[in-house]
Amino acid sequence: MEMGRRWRPEDFPRTSWSIHRWFWRPKLGLRGFFNMRCFRRAVIFHGCAVGGGSITYANTLLRPPDKIWDMGSWAGLADWKSEMPQHYQTASRILGVVENRILGPADNLLKRAAKSLGIGHTFYPTSVAVFQPAEGEQGGKTFPDPYFGGEGPERTTCVACGGCMMGCRYKSKNSLDQNYLYLAEKHGARVFPETKVVGVRPLPGVADGSAGYEVRTVCSTAWIRRNRRRFTCRGIVFAASALGTMELLFKLKENGSLPALSDQLGKYVRTNSESLLGLRIPGYAEDLSKGIAIGCGIYIDENTHVEPVRYPSGSDTMMFLTTPLTGGRPGPMRIALWMKNLVVSLLRHPLKTLRLVQPWGWARESIILLCMQALEGHIDMRWERPWFWPFRKCLVSRGERIPTFIPQANRFAEQLAQLTGGTAMSMLPEILFNVPGTAHCVGGCIMADSRGHGVVDHGSRAFGYKNMYVCDGSVVAANLGVNPSLTITALAERAMSFIPSAQWTTWNDCAECGELSSDLSETTR
Ligand SMILES: Cc1cc2nc3c(=O)[nH]c(=O)nc-3n(C[C@H](O)[C@H](O)[C@H](O)COP(=O)(O)OP(=O)(O)OC[C@H]3O[C@@H](n4cnc5c(N)ncnc54)[C@H](O)[C@@H]3O)c2cc1C
Ligand code: SF4
(Lines give C-alpha, C1' and ligand atoms only; values in the text may rest on other atoms or scores of the structure.)
(Ligands and ions follow the chains in the order given, each with its own letter.)
Protein backbone atom coordinates (compact mmCIF):
# COMPACT_ATOMS: atom_id res chain seq x y z
CA MET A 1 0.00 0.00 0.00
CA GLU A 2 1.51 3.33 -0.99
CA MET A 3 -0.21 6.64 -0.44
CA GLY A 4 1.90 8.42 -3.07
CA ARG A 5 1.47 8.27 -6.83
CA ARG A 6 3.17 6.07 -9.39
CA TRP A 7 5.50 8.12 -11.58
CA ARG A 8 6.73 7.67 -15.15
CA PRO A 9 9.96 9.47 -16.17
CA GLU A 10 8.10 11.78 -18.55
CA ASP A 11 5.69 12.89 -15.78
CA PHE A 12 8.33 14.35 -13.46
CA PRO A 13 8.39 18.16 -13.29
CA ARG A 14 11.19 19.90 -15.17
CA THR A 15 11.78 22.36 -12.34
CA SER A 16 10.60 22.96 -8.79
CA TRP A 17 8.36 25.81 -10.01
CA SER A 18 5.85 23.09 -10.97
CA ILE A 19 4.85 23.04 -7.33
CA HIS A 20 1.73 20.92 -7.93
CA ARG A 21 3.82 18.13 -9.49
CA TRP A 22 6.66 18.39 -6.97
CA PHE A 23 5.05 18.91 -3.56
CA TRP A 24 2.80 16.42 -1.79
CA ARG A 25 -0.22 18.08 -0.12
CA PRO A 26 -3.17 16.26 -1.75
CA LYS A 27 -5.78 18.25 0.21
CA LEU A 28 -4.46 21.40 -1.49
CA GLY A 29 -4.36 19.72 -4.89
CA LEU A 30 -0.56 19.25 -4.80
CA ARG A 31 0.14 15.68 -5.90
CA GLY A 32 3.89 15.54 -6.22
CA PHE A 33 6.42 13.30 -4.49
CA PHE A 34 8.22 15.62 -2.06
CA ASN A 35 7.00 16.61 1.37
CA MET A 36 8.18 19.04 4.03
CA ARG A 37 6.87 18.76 7.60
CA CYS A 38 7.55 21.46 10.17
CA PHE A 39 7.89 20.55 13.85
CA ARG A 40 9.10 22.61 16.80
CA ARG A 41 12.35 20.67 16.95
CA ALA A 42 13.01 19.94 13.24
CA VAL A 43 11.91 20.62 9.68
CA ILE A 44 11.78 17.22 7.99
CA PHE A 45 11.93 16.61 4.21
CA HIS A 46 10.78 13.25 2.87
CA GLY A 47 9.48 11.47 -0.19
CA CYS A 48 6.03 10.14 -1.00
CA ALA A 49 5.57 7.97 -4.10
CA VAL A 50 5.64 4.41 -5.37
CA GLY A 51 9.33 3.88 -4.65
CA GLY A 52 9.18 6.00 -1.47
CA GLY A 53 11.97 8.49 -0.84
CA SER A 54 14.06 6.97 -3.66
CA ILE A 55 12.00 8.93 -6.19
CA THR A 56 13.16 12.27 -4.77
CA TYR A 57 16.43 11.28 -3.13
CA ALA A 58 19.86 12.21 -4.41
CA ASN A 59 20.82 8.54 -4.98
CA THR A 60 23.88 8.70 -2.76
CA LEU A 61 24.22 5.34 -1.09
CA LEU A 62 27.02 5.16 1.44
CA ARG A 63 28.03 2.69 4.13
CA PRO A 64 28.35 4.30 7.56
CA PRO A 65 31.46 3.91 9.70
CA ASP A 66 31.63 0.70 11.78
CA LYS A 67 31.48 2.69 15.02
CA ILE A 68 27.73 3.31 14.59
CA TRP A 69 27.03 -0.34 15.52
CA ASP A 70 28.54 0.30 18.95
CA MET A 71 26.27 3.32 19.54
CA GLY A 72 22.59 3.46 20.55
CA SER A 73 20.23 0.68 21.58
CA TRP A 74 21.22 -1.76 18.83
CA ALA A 75 24.78 -2.09 20.22
CA GLY A 76 25.46 -5.73 21.13
CA LEU A 77 22.15 -7.08 19.75
CA ALA A 78 23.93 -8.87 16.89
CA ASP A 79 27.41 -9.24 15.50
CA TRP A 80 26.65 -6.31 13.20
CA LYS A 81 30.17 -5.73 11.93
CA SER A 82 30.50 -9.25 10.59
CA GLU A 83 26.84 -9.71 9.53
CA MET A 84 26.05 -6.45 7.79
CA PRO A 85 28.61 -6.49 4.92
CA GLN A 86 26.71 -9.28 3.10
CA HIS A 87 23.43 -7.33 3.38
CA TYR A 88 25.06 -4.10 2.22
CA GLN A 89 26.40 -6.10 -0.70
CA THR A 90 22.96 -7.47 -1.64
CA ALA A 91 21.34 -4.05 -1.29
CA SER A 92 24.09 -2.45 -3.39
CA ARG A 93 23.73 -5.11 -6.10
CA ILE A 94 19.97 -4.63 -6.45
CA LEU A 95 20.22 -0.85 -6.30
CA GLY A 96 23.07 -0.82 -8.84
CA VAL A 97 25.46 1.15 -6.63
CA VAL A 98 28.70 2.27 -8.32
CA GLU A 99 31.33 4.90 -7.69
CA ASN A 100 30.37 8.22 -9.26
CA ARG A 101 32.47 9.05 -12.30
CA ILE A 102 30.61 12.25 -13.20
CA LEU A 103 32.19 15.11 -11.31
CA GLY A 104 30.38 18.36 -12.05
CA PRO A 105 31.57 21.95 -11.51
CA ALA A 106 30.31 21.93 -7.88
CA ASP A 107 32.31 18.77 -7.13
CA ASN A 108 35.44 20.19 -8.70
CA LEU A 109 34.99 23.43 -6.77
CA LEU A 110 34.72 21.50 -3.49
CA LYS A 111 37.76 19.43 -4.41
CA ARG A 112 39.87 22.54 -5.04
CA ALA A 113 38.63 24.19 -1.84
CA ALA A 114 39.33 21.07 0.24
CA LYS A 115 42.85 20.94 -1.18
CA SER A 116 43.59 24.55 -0.35
CA LEU A 117 42.21 24.07 3.18
CA GLY A 118 44.49 21.09 3.77
CA ILE A 119 41.75 18.43 3.77
CA GLY A 120 42.10 17.40 0.13
CA HIS A 121 42.93 13.80 1.14
CA THR A 122 39.38 13.36 2.54
CA PHE A 123 37.74 14.08 -0.83
CA TYR A 124 35.95 11.07 -2.34
CA PRO A 125 33.49 10.51 -5.19
CA THR A 126 30.18 9.25 -3.79
CA SER A 127 28.69 5.81 -4.37
CA VAL A 128 25.54 6.33 -6.37
CA ALA A 129 22.63 4.30 -7.71
CA VAL A 130 22.86 5.70 -11.24
CA PHE A 131 23.37 4.04 -14.62
CA GLN A 132 26.43 5.92 -15.85
CA PRO A 133 27.91 6.08 -19.36
CA ALA A 134 31.17 4.23 -20.00
CA GLU A 135 34.35 6.25 -19.49
CA GLY A 136 34.67 8.88 -22.21
CA GLU A 137 31.14 8.33 -23.57
CA GLN A 138 28.23 10.79 -23.61
CA GLY A 139 25.10 9.99 -21.59
CA GLY A 140 21.64 9.49 -23.04
CA LYS A 141 22.05 6.04 -24.64
CA THR A 142 19.42 3.40 -23.92
CA PHE A 143 20.40 -0.20 -23.14
CA PRO A 144 18.40 -3.35 -22.33
CA ASP A 145 18.41 -4.17 -18.59
CA PRO A 146 22.06 -4.03 -17.49
CA TYR A 147 21.48 -5.22 -13.91
CA PHE A 148 19.30 -8.34 -13.64
CA GLY A 149 20.25 -10.52 -16.60
CA GLY A 150 17.47 -9.07 -18.74
CA GLU A 151 14.71 -9.41 -16.11
CA GLY A 152 14.71 -5.70 -15.27
CA PRO A 153 13.65 -2.61 -17.23
CA GLU A 154 15.79 -0.94 -19.90
CA ARG A 155 17.95 1.93 -18.67
CA THR A 156 19.41 5.08 -20.23
CA THR A 157 22.81 6.43 -19.29
CA CYS A 158 22.95 9.53 -17.10
CA VAL A 159 23.17 12.93 -18.79
CA ALA A 160 24.40 14.71 -15.63
CA CYS A 161 21.46 17.13 -15.54
CA GLY A 162 21.58 17.43 -11.73
CA GLY A 163 17.85 16.71 -11.53
CA CYS A 164 17.90 13.57 -9.36
CA MET A 165 15.89 15.24 -6.56
CA MET A 166 13.20 16.36 -9.02
CA GLY A 167 12.79 12.76 -10.23
CA CYS A 168 14.90 11.39 -13.07
CA ARG A 169 13.34 12.12 -16.47
CA TYR A 170 15.99 10.00 -18.26
CA LYS A 171 15.57 6.48 -16.76
CA SER A 172 19.10 6.68 -15.31
CA LYS A 173 18.39 6.76 -11.60
CA ASN A 174 17.96 3.34 -10.00
CA SER A 175 14.97 4.26 -7.85
CA LEU A 176 13.08 1.38 -6.20
CA ASP A 177 10.40 1.28 -8.90
CA GLN A 178 13.19 0.27 -11.31
CA ASN A 179 14.52 -2.64 -9.25
CA TYR A 180 12.93 -4.02 -6.06
CA LEU A 181 9.36 -3.04 -6.93
CA TYR A 182 9.73 -3.73 -10.65
CA LEU A 183 10.93 -7.29 -9.99
CA ALA A 184 8.37 -7.87 -7.22
CA GLU A 185 5.51 -6.84 -9.50
CA LYS A 186 6.89 -8.96 -12.31
CA HIS A 187 6.76 -11.92 -9.92
CA GLY A 188 3.15 -11.31 -8.94
CA ALA A 189 3.22 -8.75 -6.12
CA ARG A 190 0.60 -6.00 -6.38
CA VAL A 191 1.33 -2.39 -5.51
CA PHE A 192 -1.66 -0.20 -4.62
CA PRO A 193 -0.73 3.44 -5.34
CA GLU A 194 -2.62 6.41 -3.85
CA THR A 195 -3.76 4.04 -1.11
CA LYS A 196 -3.28 5.30 2.43
CA VAL A 197 -3.33 2.84 5.31
CA VAL A 198 -5.54 4.21 8.08
CA GLY A 199 -6.25 1.11 10.17
CA VAL A 200 -4.51 -2.13 11.14
CA ARG A 201 -5.85 -4.51 13.78
CA PRO A 202 -5.49 -8.23 14.59
CA LEU A 203 -8.28 -10.33 13.12
CA PRO A 204 -11.03 -10.90 15.71
CA GLY A 205 -10.43 -13.48 18.39
CA VAL A 206 -6.62 -13.53 18.49
CA ALA A 207 -5.22 -10.34 19.99
CA ASP A 208 -1.56 -11.08 19.27
CA GLY A 209 -2.11 -11.15 15.50
CA SER A 210 -1.21 -14.81 15.01
CA ALA A 211 -4.47 -15.30 13.07
CA GLY A 212 -3.60 -12.37 10.81
CA TYR A 213 -4.52 -8.71 10.45
CA GLU A 214 -7.17 -6.50 8.93
CA VAL A 215 -5.85 -3.47 7.04
CA ARG A 216 -8.10 -0.53 6.21
CA THR A 217 -7.23 1.97 3.52
CA VAL A 218 -8.59 5.11 1.87
CA CYS A 219 -7.70 6.78 -1.41
CA SER A 220 -5.08 9.41 -0.52
CA THR A 221 -5.77 11.72 -3.44
CA ALA A 222 -9.58 11.88 -3.33
CA TRP A 223 -11.44 14.65 -1.54
CA ILE A 224 -14.88 13.11 -1.28
CA ARG A 225 -15.26 9.52 -2.56
CA ARG A 226 -12.37 8.08 -0.59
CA ASN A 227 -12.83 4.47 -1.72
CA ARG A 228 -12.59 2.85 1.71
CA ARG A 229 -11.26 -0.69 1.42
CA ARG A 230 -10.53 -3.59 3.73
CA PHE A 231 -7.80 -6.19 3.20
CA THR A 232 -6.75 -9.13 5.33
CA CYS A 233 -3.28 -10.63 5.59
CA ARG A 234 -1.37 -13.19 7.63
CA GLY A 235 1.62 -10.95 8.37
CA ILE A 236 2.36 -7.26 8.02
CA VAL A 237 5.41 -5.09 7.32
CA PHE A 238 5.25 -1.39 8.21
CA ALA A 239 7.52 0.58 5.86
CA ALA A 240 6.06 4.08 5.88
CA SER A 241 9.32 5.92 6.80
CA ALA A 242 10.21 7.17 10.27
CA LEU A 243 7.46 9.83 10.29
CA GLY A 244 4.81 7.75 8.49
CA THR A 245 5.28 4.65 10.64
CA MET A 246 5.33 6.63 13.89
CA GLU A 247 2.19 8.50 12.86
CA LEU A 248 0.32 5.32 11.95
CA LEU A 249 1.47 3.28 14.96
CA PHE A 250 0.70 6.08 17.43
CA LYS A 251 -2.81 6.30 16.01
CA LEU A 252 -3.29 2.52 16.16
CA LYS A 253 -1.94 2.22 19.70
CA GLU A 254 -4.09 5.08 20.93
CA ASN A 255 -7.35 3.94 19.28
CA GLY A 256 -6.96 0.44 20.73
CA SER A 257 -6.18 -1.34 17.45
CA LEU A 258 -2.62 -2.27 18.49
CA PRO A 259 -2.47 -1.50 22.22
CA ALA A 260 0.45 -3.86 22.94
CA LEU A 261 2.95 -1.83 20.92
CA SER A 262 5.88 -0.68 23.04
CA ASP A 263 5.61 2.60 24.95
CA GLN A 264 9.00 3.44 23.48
CA LEU A 265 7.22 4.46 20.26
CA GLY A 266 8.37 7.94 19.22
CA LYS A 267 11.53 7.87 21.33
CA TYR A 268 15.01 8.44 19.94
CA VAL A 269 14.13 10.19 16.71
CA ARG A 270 17.38 11.31 15.09
CA THR A 271 18.16 13.88 12.42
CA ASN A 272 21.63 12.58 11.51
CA SER A 273 22.91 15.63 13.48
CA GLU A 274 22.46 17.49 10.26
CA SER A 275 22.81 21.07 9.16
CA LEU A 276 22.01 22.44 5.72
CA LEU A 277 24.22 25.33 4.66
CA GLY A 278 24.86 26.78 1.25
CA LEU A 279 26.96 28.89 -1.01
CA ARG A 280 25.74 31.23 -3.75
CA ILE A 281 28.17 32.66 -6.27
CA PRO A 282 26.24 35.14 -8.44
CA GLY A 283 27.61 35.18 -11.97
CA TYR A 284 29.78 32.06 -11.50
CA ALA A 285 31.31 31.08 -14.85
CA GLU A 286 30.16 27.46 -14.75
CA ASP A 287 26.72 25.96 -14.24
CA LEU A 288 26.85 24.54 -10.70
CA SER A 289 23.65 22.58 -11.25
CA LYS A 290 25.36 20.10 -13.60
CA GLY A 291 26.47 16.65 -12.44
CA ILE A 292 24.73 14.13 -10.21
CA ALA A 293 22.74 15.60 -7.30
CA ILE A 294 25.48 14.61 -4.84
CA GLY A 295 28.69 13.74 -6.65
CA CYS A 296 31.29 13.78 -3.91
CA GLY A 297 32.00 14.40 -0.24
CA ILE A 298 34.72 15.48 2.15
CA TYR A 299 35.37 15.24 5.88
CA ILE A 300 36.14 18.59 7.48
CA ASP A 301 37.03 16.79 10.73
CA GLU A 302 36.80 13.25 12.08
CA ASN A 303 33.04 13.46 12.72
CA THR A 304 31.80 16.06 10.24
CA HIS A 305 30.96 15.02 6.73
CA VAL A 306 30.04 17.53 4.00
CA GLU A 307 28.44 16.83 0.62
CA PRO A 308 27.70 19.41 -2.11
CA VAL A 309 24.08 19.03 -3.26
CA ARG A 310 22.44 20.58 -6.31
CA TYR A 311 19.06 21.05 -7.93
CA PRO A 312 18.70 21.16 -11.72
CA SER A 313 18.89 24.41 -13.60
CA GLY A 314 15.65 26.38 -13.18
CA SER A 315 14.70 24.72 -9.87
CA ASP A 316 15.15 27.92 -7.92
CA THR A 317 12.34 27.73 -5.37
CA MET A 318 14.65 26.42 -2.62
CA MET A 319 16.03 29.95 -2.55
CA PHE A 320 12.99 30.92 -0.46
CA LEU A 321 14.30 28.68 2.33
CA THR A 322 17.81 30.11 2.36
CA THR A 323 19.33 33.36 3.58
CA PRO A 324 22.84 34.76 4.14
CA LEU A 325 24.61 32.88 6.93
CA THR A 326 24.40 34.57 10.32
CA GLY A 327 26.44 33.41 13.31
CA GLY A 328 25.83 34.08 16.99
CA ARG A 329 23.73 32.38 19.65
CA PRO A 330 20.32 31.17 18.48
CA GLY A 331 17.38 33.30 19.61
CA PRO A 332 16.16 36.88 19.30
CA MET A 333 19.69 38.29 19.20
CA ARG A 334 20.55 36.16 16.20
CA ILE A 335 17.37 37.21 14.41
CA ALA A 336 18.18 40.85 15.17
CA LEU A 337 21.74 40.38 13.88
CA TRP A 338 20.43 38.70 10.73
CA MET A 339 18.01 41.58 10.07
CA LYS A 340 20.69 44.16 10.78
CA ASN A 341 23.18 42.46 8.43
CA LEU A 342 20.55 42.29 5.72
CA VAL A 343 19.56 45.96 6.07
CA VAL A 344 23.19 47.15 6.19
CA SER A 345 24.04 45.04 3.16
CA LEU A 346 21.00 46.42 1.28
CA LEU A 347 22.02 49.99 2.08
CA ARG A 348 25.69 49.52 1.22
CA HIS A 349 25.40 47.24 -1.80
CA PRO A 350 21.75 47.34 -2.89
CA LEU A 351 22.22 45.72 -6.30
CA LYS A 352 24.57 43.02 -5.08
CA THR A 353 22.30 42.14 -2.16
CA LEU A 354 19.15 42.03 -4.28
CA ARG A 355 20.98 39.85 -6.80
CA LEU A 356 21.87 37.48 -3.97
CA VAL A 357 18.40 37.09 -2.47
CA GLN A 358 16.34 36.89 -5.67
CA PRO A 359 15.47 33.36 -6.76
CA TRP A 360 16.18 33.38 -10.52
CA GLY A 361 19.38 31.55 -11.38
CA TRP A 362 19.72 30.18 -7.84
CA ALA A 363 20.21 26.52 -8.88
CA ARG A 364 22.87 27.38 -11.48
CA GLU A 365 24.81 29.56 -9.02
CA SER A 366 24.42 27.66 -5.75
CA ILE A 367 25.59 24.62 -3.86
CA ILE A 368 23.75 23.25 -0.85
CA LEU A 369 26.23 21.99 1.73
CA LEU A 370 24.80 18.95 3.50
CA CYS A 371 26.70 18.57 6.79
CA MET A 372 26.20 15.37 8.79
CA GLN A 373 27.69 14.05 12.00
CA ALA A 374 27.79 10.56 13.51
CA LEU A 375 27.38 12.03 16.99
CA GLU A 376 24.66 11.43 19.57
CA GLY A 377 21.65 13.75 19.66
CA HIS A 378 17.95 13.00 19.42
CA ILE A 379 14.43 14.32 19.91
CA ASP A 380 11.19 12.51 20.81
CA MET A 381 7.87 12.49 18.98
CA ARG A 382 4.56 12.32 20.83
CA TRP A 383 0.93 11.98 19.83
CA GLU A 384 -0.71 15.08 21.24
CA ARG A 385 -3.14 17.90 20.53
CA PRO A 386 -1.06 20.87 19.41
CA TRP A 387 -1.96 24.18 21.10
CA PHE A 388 -2.78 25.81 17.75
CA TRP A 389 -5.18 23.03 16.64
CA PRO A 390 -6.67 21.22 19.67
CA PHE A 391 -9.34 19.36 17.64
CA ARG A 392 -7.25 16.31 16.81
CA LYS A 393 -4.03 14.67 17.80
CA CYS A 394 -0.95 14.63 15.62
CA LEU A 395 2.80 14.12 15.84
CA VAL A 396 4.54 16.78 17.89
CA SER A 397 8.24 16.95 18.66
CA ARG A 398 9.61 17.17 22.18
CA GLY A 399 12.92 16.87 23.98
CA GLU A 400 16.14 18.79 23.94
CA ARG A 401 16.82 20.98 20.96
CA ILE A 402 19.29 19.64 18.43
CA PRO A 403 21.85 22.38 17.75
CA THR A 404 20.90 24.30 14.62
CA PHE A 405 24.43 24.84 13.63
CA ILE A 406 27.62 22.89 13.56
CA PRO A 407 30.26 25.58 14.21
CA GLN A 408 32.97 23.88 12.14
CA ALA A 409 30.51 23.50 9.24
CA ASN A 410 29.63 27.20 9.41
CA ARG A 411 33.32 28.04 9.41
CA PHE A 412 33.85 25.81 6.39
CA ALA A 413 30.99 27.48 4.49
CA GLU A 414 32.51 30.89 5.21
CA GLN A 415 35.97 29.75 4.08
CA LEU A 416 34.46 28.34 0.90
CA ALA A 417 32.71 31.67 0.30
CA GLN A 418 35.99 33.55 0.74
CA LEU A 419 37.84 31.23 -1.65
CA THR A 420 35.19 31.50 -4.37
CA GLY A 421 33.99 35.06 -3.95
CA GLY A 422 30.51 33.80 -3.08
CA THR A 423 28.26 34.22 -0.06
CA ALA A 424 27.67 31.55 2.58
CA MET A 425 23.99 30.78 3.18
CA SER A 426 21.98 28.98 5.84
CA MET A 427 18.42 27.73 6.19
CA LEU A 428 15.89 30.40 7.12
CA PRO A 429 14.10 28.20 9.74
CA GLU A 430 17.44 27.76 11.52
CA ILE A 431 17.79 31.52 11.96
CA LEU A 432 14.14 32.41 12.60
CA PHE A 433 13.00 29.46 14.70
CA ASN A 434 16.25 27.77 15.77
CA VAL A 435 15.03 24.60 14.08
CA PRO A 436 17.37 22.37 12.05
CA GLY A 437 16.31 20.97 8.68
CA THR A 438 16.91 17.35 7.72
CA ALA A 439 16.14 14.95 4.87
CA HIS A 440 17.43 12.06 6.98
CA CYS A 441 14.98 11.60 9.84
CA VAL A 442 15.43 8.15 11.38
CA GLY A 443 14.36 6.36 14.56
CA GLY A 444 11.17 6.43 16.60
CA CYS A 445 10.63 2.63 16.44
CA ILE A 446 14.17 1.72 17.30
CA MET A 447 15.71 -1.73 17.61
CA ALA A 448 16.43 -2.81 21.17
CA ASP A 449 16.76 -5.85 23.41
CA SER A 450 13.27 -5.56 24.90
CA ARG A 451 9.98 -3.64 24.71
CA GLY A 452 11.21 -1.54 27.63
CA HIS A 453 13.93 -0.07 25.42
CA GLY A 454 12.61 -0.15 21.87
CA VAL A 455 9.75 -1.06 19.51
CA VAL A 456 11.34 -3.87 17.46
CA ASP A 457 14.02 -6.49 18.03
CA HIS A 458 17.16 -6.70 15.90
CA GLY A 459 15.26 -8.71 13.29
CA SER A 460 12.76 -5.82 12.89
CA ARG A 461 10.00 -7.85 14.63
CA ALA A 462 7.59 -5.69 16.64
CA PHE A 463 7.44 -6.45 20.35
CA GLY A 464 3.94 -7.48 21.43
CA TYR A 465 2.63 -8.96 18.13
CA LYS A 466 3.16 -11.93 15.85
CA ASN A 467 4.20 -11.72 12.20
CA MET A 468 4.55 -7.95 12.42
CA TYR A 469 7.69 -6.18 11.19
CA VAL A 470 8.93 -2.62 10.78
CA CYS A 471 11.36 -2.23 7.88
CA ASP A 472 12.16 1.42 7.33
CA GLY A 473 14.21 4.28 8.72
CA SER A 474 12.30 4.26 12.00
CA VAL A 475 14.23 1.21 13.29
CA VAL A 476 17.65 2.89 12.92
CA ALA A 477 19.10 3.33 16.41
CA ALA A 478 22.03 5.73 15.88
CA ASN A 479 23.03 8.77 13.87
CA LEU A 480 24.80 7.28 10.87
CA GLY A 481 26.79 10.34 9.82
CA VAL A 482 26.09 9.44 6.17
CA ASN A 483 22.92 9.35 4.05
CA PRO A 484 20.82 6.52 5.48
CA SER A 485 19.07 4.75 2.57
CA LEU A 486 21.65 2.04 1.96
CA THR A 487 21.63 1.12 5.66
CA ILE A 488 17.81 1.10 5.74
CA THR A 489 17.81 -1.23 2.70
CA ALA A 490 20.55 -3.46 4.15
CA LEU A 491 18.63 -3.75 7.46
CA ALA A 492 15.49 -4.70 5.51
CA GLU A 493 17.52 -7.28 3.56
CA ARG A 494 18.76 -8.69 6.87
CA ALA A 495 15.25 -8.83 8.36
CA MET A 496 13.93 -10.58 5.25
CA SER A 497 16.82 -13.07 5.26
CA PHE A 498 15.32 -14.58 8.42
CA ILE A 499 11.90 -15.12 6.86
CA PRO A 500 11.41 -18.60 5.41
CA SER A 501 9.70 -19.21 2.07
CA ALA A 502 5.90 -19.14 2.23
CA GLN A 503 5.51 -22.95 2.20
CA TRP A 504 7.86 -23.33 5.17
CA THR A 505 6.70 -20.55 7.41
CA THR A 506 4.60 -21.40 10.46
CA TRP A 507 3.21 -17.84 10.64
CA ASN A 508 4.19 -17.78 14.27
CA ASP A 509 7.13 -15.37 14.22
CA CYS A 510 7.54 -12.72 16.91
CA ALA A 511 10.17 -10.78 18.80
CA GLU A 512 9.47 -12.81 21.92
CA CYS A 513 9.76 -16.15 20.02
CA GLY A 514 13.50 -16.47 20.50
CA GLU A 515 16.53 -16.33 18.28
CA LEU A 516 16.38 -15.53 14.60
CA SER A 517 17.76 -18.23 12.36
CA SER A 518 19.17 -17.41 8.97
CA ASP A 519 20.01 -21.13 8.45
CA LEU A 520 16.33 -21.86 7.90
CA SER A 521 15.94 -19.24 5.23
CA GLU A 522 19.18 -20.33 3.56
CA THR A 523 17.94 -23.89 3.19
CA THR A 524 14.46 -22.98 2.05
CA ARG A 525 15.17 -20.08 -0.28
C1 LIG B 1 15.31 15.62 -1.14
C2 LIG B 1 15.83 14.38 -0.48
C3 LIG B 1 17.08 13.87 -0.84
C4 LIG B 1 17.56 12.71 -0.23
N5 LIG B 1 18.76 12.21 -0.65
C6 LIG B 1 19.23 11.05 -0.10
C7 LIG B 1 20.43 10.45 -0.58
O8 LIG B 1 21.07 10.94 -1.50
N9 LIG B 1 20.83 9.31 0.01
C10 LIG B 1 20.14 8.72 1.04
O11 LIG B 1 20.59 7.70 1.56
N12 LIG B 1 19.00 9.28 1.49
C13 LIG B 1 18.52 10.40 0.95
N14 LIG B 1 17.34 10.94 1.39
C15 LIG B 1 16.64 10.28 2.48
C16 LIG B 1 15.90 9.05 1.98
O17 LIG B 1 14.99 9.39 0.98
C18 LIG B 1 15.18 8.39 3.15
O19 LIG B 1 16.08 8.22 4.22
C20 LIG B 1 14.63 7.04 2.77
O21 LIG B 1 13.85 7.09 1.62
C22 LIG B 1 13.80 6.51 3.93
O23 LIG B 1 13.37 5.23 3.58
P24 LIG B 1 12.14 4.57 4.33
O25 LIG B 1 12.06 3.19 3.82
O26 LIG B 1 12.28 4.80 5.78
O27 LIG B 1 10.85 5.38 3.88
P28 LIG B 1 10.41 6.11 2.48
O29 LIG B 1 11.42 5.78 1.45
O30 LIG B 1 10.19 7.50 2.86
O31 LIG B 1 9.10 5.34 2.14
C32 LIG B 1 7.94 5.42 2.92
C33 LIG B 1 6.75 5.46 2.01
O34 LIG B 1 5.59 5.17 2.79
C35 LIG B 1 4.52 5.98 2.33
N36 LIG B 1 3.55 6.11 3.41
C37 LIG B 1 3.68 6.82 4.57
N38 LIG B 1 2.57 6.67 5.33
C39 LIG B 1 1.74 5.85 4.64
C40 LIG B 1 0.43 5.33 4.92
N41 LIG B 1 -0.22 5.59 6.05
N42 LIG B 1 -0.13 4.54 3.97
C43 LIG B 1 0.51 4.24 2.81
N44 LIG B 1 1.74 4.72 2.51
C45 LIG B 1 2.35 5.50 3.43
C46 LIG B 1 5.16 7.28 1.92
O47 LIG B 1 4.36 7.92 0.96
C48 LIG B 1 6.51 6.82 1.36
O49 LIG B 1 6.46 6.67 -0.03
C50 LIG B 1 16.82 12.08 0.79
C51 LIG B 1 15.57 12.59 1.15
C52 LIG B 1 15.08 13.72 0.52
C53 LIG B 1 13.73 14.24 0.93
S1 SF4 C 1 21.77 13.56 -13.10
FE2 SF4 C 1 19.92 13.68 -14.37
S3 SF4 C 1 20.04 11.92 -15.75
FE4 SF4 C 1 21.53 11.56 -14.12
S5 SF4 C 1 20.43 10.32 -12.61
FE6 SF4 C 1 20.21 12.45 -11.95
S7 SF4 C 1 18.28 13.13 -12.92
FE8 SF4 C 1 18.88 11.23 -13.95
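Which side chains meet in a salt bridge at 3.4 Å, N to O? Those of glutamate 137 and lysine 141 do, as the first legend shows. This is a predicted model, in which local features need pLDDT of at least 70, side-chain atom pairs count only at pLDDT 80 or more, and totals for chains, interfaces and linings use all residues. Residues are numbered from 1 along each chain as its sequence is written, ligands are numbered from 1 in the order in which they are written, and side-chain values use heavy atoms, with hydrogens and water left out.

**View 1. Glutamate 137 and lysine 141 form a salt bridge.** The term means a side-chain nitrogen of Lys or Arg within 4 Å of a carboxyl oxygen of Asp or Glu. Glutamate 137 is partly exposed at 39% relative accessibility, and lysine 141 is partly exposed at 43% (buried is under 20% relative accessible area, exposed over 50%, partly exposed in between; 1.4 Å probe, protein chains only).

**View 2. Arginine 230 meets glutamate 214 in a salt bridge.** Their N to O distance is 2.7 Å. Arginine 230 belongs to strand S12 (residues 229-233) and glutamate 214 to strand S11 (residues 213-219), so the pair ties together parts 16 residues apart in sequence (strands are DSSP runs of E, at least two residues, numbered from the N terminus). Arginine 230 is partly exposed at 46%, while glutamate 214 is buried at 12%.

**View 3. Glutamate 365 pairs with arginine 355 in a salt bridge.** Here the closest N and O atoms are 2.4 Å apart. Glutamate 365 is buried at 9% relative accessibility, whereas arginine 355 is partly exposed at 33%.

Definitions and conventions. Helices (H or I, at least four residues) and strands (E, at least two) are DSSP runs, numbered from the N terminus.
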